[in-house]
2 protein chains.
Amino acid sequence: MNARDTFKQLPHKTIERLSQYRRALLICLDNNKDHIFSHEIAKIQHITPVQVRRDLMLIGYSGTLRKGYNIKELIDLIADIIDSEEGIKVAIVGMGNLGRALINYFSGKRHKLSIAAGFDVNPDKIGKTVNGIPCYDCKTMSQVIQEQNIEIGIITVPDTQSTAIAKKLVESGIKGILNYTPKPVEVPDGVYLEEYDMITTLEKVAFYVKMENERTVDVAVKRQGQGTAASNF
Amino acid sequence: MNARDTFKQLPHKTIERLSQYRRALLICLDNNKDHIFSHEIAKIQHITPVQVRRDLMLIGYSGTLRKGYNIKELIDLIADIIDSEEGIKVAIVGMGNLGRALINYFSGKRHKLSIAAGFDVNPDKIGKTVNGIPCYDCKTMSQVIQEQNIEIGIITVPDTQSTAIAKKLVESGIKGILNYTPKPVEVPDGVYLEEYDMITTLEKVAFYVKMENERTVDVAVKRQGQGTAASNF
DNA sequence: TAGTAATTGTTAATTTAATAACAGTGCAAA
DNA sequence: TTTGCACTGTTATTAAATTAACAATTACTA
């Protein structure tokens with residue numbers, strides 16, 4: 001089995017972390033650092049140093065004892081693994097606030113991943129550019145995607161439209177969809193789908209805040225109880 | 001152990017799914033459905049029916065054989081578990097595209113979770129409202145958060161500011177932070193932190209698209225090889 | 001009424017992910 | 001030169017999450 005096949009079997013979580021390591025490493029590089037220890041990376045990412053070393057072991061990268069990992073080398077290796085050599089083009093469907101936020105996030109950023117087009121139905125937006133990215137009419141979606149060989153679509157339309165947009169993206173030959181609407185979409189086999197729902201994330205935070213609040217109250221009550229009991233003596 | 005304590009020990013993933021189930025269920029309710037089967041929920045969420053039944057088992061909800069789950073009851077039970085009775089207030093720090101996108105996502109939505117304030121440093125934004133949410137000066141953050149008893153902060157500022165904002169939120173007494181900038185922040189024990197990085201998610205999609213592309217090529221090469229071999233006979 | 005199909009609820013098994021344990025190594029200080 | 005410390009790299013263990021297996025129940029059909 002060659003290196004490329006090994007990478008195919010990397011755990012999903014490792015893939016995510018590699019992307020995050022790279023971002024942290026690029027910042028370190030900007031700060032003229034040339035080596036980094038596993039515990040430094042770990043601190044930034046809120047994980048353990050062992051986790052970091054294990055991930056790097058999986059991709060076959062070795063550091064130097066007592067010196068750590070060479071930042072530049074590691075960045076390049078991560079790029080070899082997660083980036084596509086030829087580059088991959090991305091389209092954003094829905095140039096509302098979220099779509100524009102994503103474009104701004106990406107603009108001026110490195111890597112082999114570029115946002116090539118935006119789509120919208122609003123005539124005020126069609127024909128204009130956002131941060132250099134042209135906005136096309138949704139009606140021309142298939143044509144633009146095929147002509148420009150765009151492989152990934154990000155859905156940032158109102159959730160009433162998400163199903164229809166996903167269908168259209170698939171028909172246009174898209175290979176991967178990232179759906180940011182709270183309504184799940186369906187795709188056929190062979191199209192990679194990732195859904196992310198901001199409301200769920202916020203509700204999760206709220207749940208654990210609630211738990212912490214109740215725990216704090218419980219502890220207080222318990223202390224109170226103990227105190228009372230103790231005062232009986 | 002009472003019911004509340006049981007809920008504390010629910011798997012993290014189950015918490016996330018409960019939030020998603022609820023959203024799907026609310027849509028079904030709007031469509032005048034009153035019961036739903038585990039396989040129907042599963043289909044919507046791209047998971048297995050067993051997973052759904054297991055989650056519902058964990059929260060102690062029973063359906064009716066051959067009739068499924070009562071949608072209204074289930075929605076109420078999920079609300080009991082994940083919502084805070086008194087409600088929880090949320091602040092958004094950074095009223096750029098992403099901050100405004102989040103406000104629009106939430107506005108008009110149900111539940112005990114409300115966005116109470118936005119913050120920004122831009123004088124053009126301060127004093128205005130977005131979808132009914134007032135935007136305050138970042139300088140008044142601590143005061144507003146304490147006065148209004150806001151417990152959760154969402155960070156949507158440029159990533160150069162994320163560290164400073166997180167610090168300020170913690171100092172203001174916030175209990176949970178949701179960081180949408182690509183730069184991880186630090187919080188002390190007792191503050192729940194959730195980080196979400198859109199770039200990582202997109203890079204992950206790109207990775208699996210790349211893998212699929214390579215697989216397809218491999219299969220084609222293999223077929224080609226087989227064909228040639230066969231033609232030797 | 002007996003048989004069959006569809007569905008839930010639960011325990012068991014498996015898979016995936018994270019953590020712990022520890023051997024190995026090189027540098028620095030005694 | 002030796003001892004101890006601070007790292008890496010790897011295997012072993014544990015924990016979390018998912019999936020499989022299957023008993024139990026009900027409705028429907030012949």
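Here are some questions and answers about a predicted model of chains A and B with DNA strand C.

Q: Why is A:Asn149 called exposed?
A: The cut-off for exposed is over 50% relative accessible area. A:Asn149 has 52%, so the label fits. It sits in the loop between α7 (141–147) and β7 (152–155) of chain A.

Q: And why does B:Asn131 count as partly exposed?
A: Partly exposed runs between the 20% and 50% marks. B:Asn131 comes out at 46% relative accessibility, so partly exposed is the right call. You'll find B:Asn131 in the loop between β5 (129–130) and β6 (133–137) of chain B.

Q: What makes the phi of A:Asn149 worth a look?
A: Most residues other than glycine have a negative phi. For A:Asn149, phi is positive, near 55°. B:Asn131 also has a positive phi, near 55°. Another case is A:Asn32, which follows α2(A) and has a positive phi near 65°.

Q: How do you know that the span of α2(A) agrees with its number of residues?
A: Count 1.5 Å for each residue after the first one. With 19 residues, α2(A) should span 27 Å, and its end C-alpha atoms are 28 Å apart, so the two agree.

Q: What makes residues of α2(A) such as A:Thr14 and A:Tyr21 buried?
A: Buried takes a relative accessible area under 20%. A:Thr14 and A:Tyr21 are in that class, along with others in α2(A), including A:Ile15, A:Leu18 and A:Cys28.

Q: What makes the B:Arg53 pair with DNA strand C a polar contact?
A: The pair has to be N or O atoms within 3.5 Å. A polar side-chain atom of B:Arg53 is 2.9 Å from a base nitrogen of DNA strand C, so this pair qualifies. B:Gly63 qualifies too, because one of its backbone N or O atoms is 2.7 Å from a phosphate oxygen of the strand. For B:Arg66, a polar side-chain atom is 3.1 Å from a sugar or linking oxygen of DNA strand C. Elements giving two or more residues to the surface near the strand include α2 (12–30) of chain A and α3 (38–45) of chain B.

Q: What makes up the surface near DNA strand C?
A: Its residues split into 8 nonpolar, 8 polar and 7 charged. On the strand's side, 55% of the atoms within 4 Å of the protein belong to sugar or phosphate, and the rest to bases.

Q: How do you know that chain A and chain B are in contact?
A: Contact needs heavy atoms within 4.5 Å. By that test, 75 residues of chain A touch 75 residues of chain B. Together the chains bury about 6900 Å², 63% of it on carbon and sulfur atoms. On the chain A side, A:Tyr105, A:Leu202 and A:Glu203 lose the most area to chain B.

Methods
Residues are numbered from 1 along each chain as its sequence is written. Chains are lettered from A and ligands numbered from 1 in the order in which they are written. This is a predicted model: local features need pLDDT of at least 70, side-chain atom pairs count only at pLDDT 80 or more; totals for chains, interfaces and linings use all residues. Side-chain values use heavy atoms; hydrogens and water are left out. A residue is near a molecule or strand if one of its heavy atoms lies within 4 Å of it. A polar contact is a pair of N or O atoms within 3.5 Å; within protein, one must be able to donate a hydrogen and the other to accept it, and residues adjacent in sequence count only if both atoms are side-chain atoms. Helices (H or I, at least four residues) and strands (E, at least two) are DSSP runs, numbered from the N terminus. Ala, Val, Leu, Ile, Met, Phe, Trp, Tyr, Cys and Pro count as nonpolar, Asp, Glu, Lys and Arg as charged, and the others, Gly among them, as polar. Buried means under 20% relative accessible area, exposed over 50%, partly exposed in between (1.4 Å probe, protein chains only). Buried area is the accessible area (1.4 Å probe) that two parts lose on being put together, summed over both.
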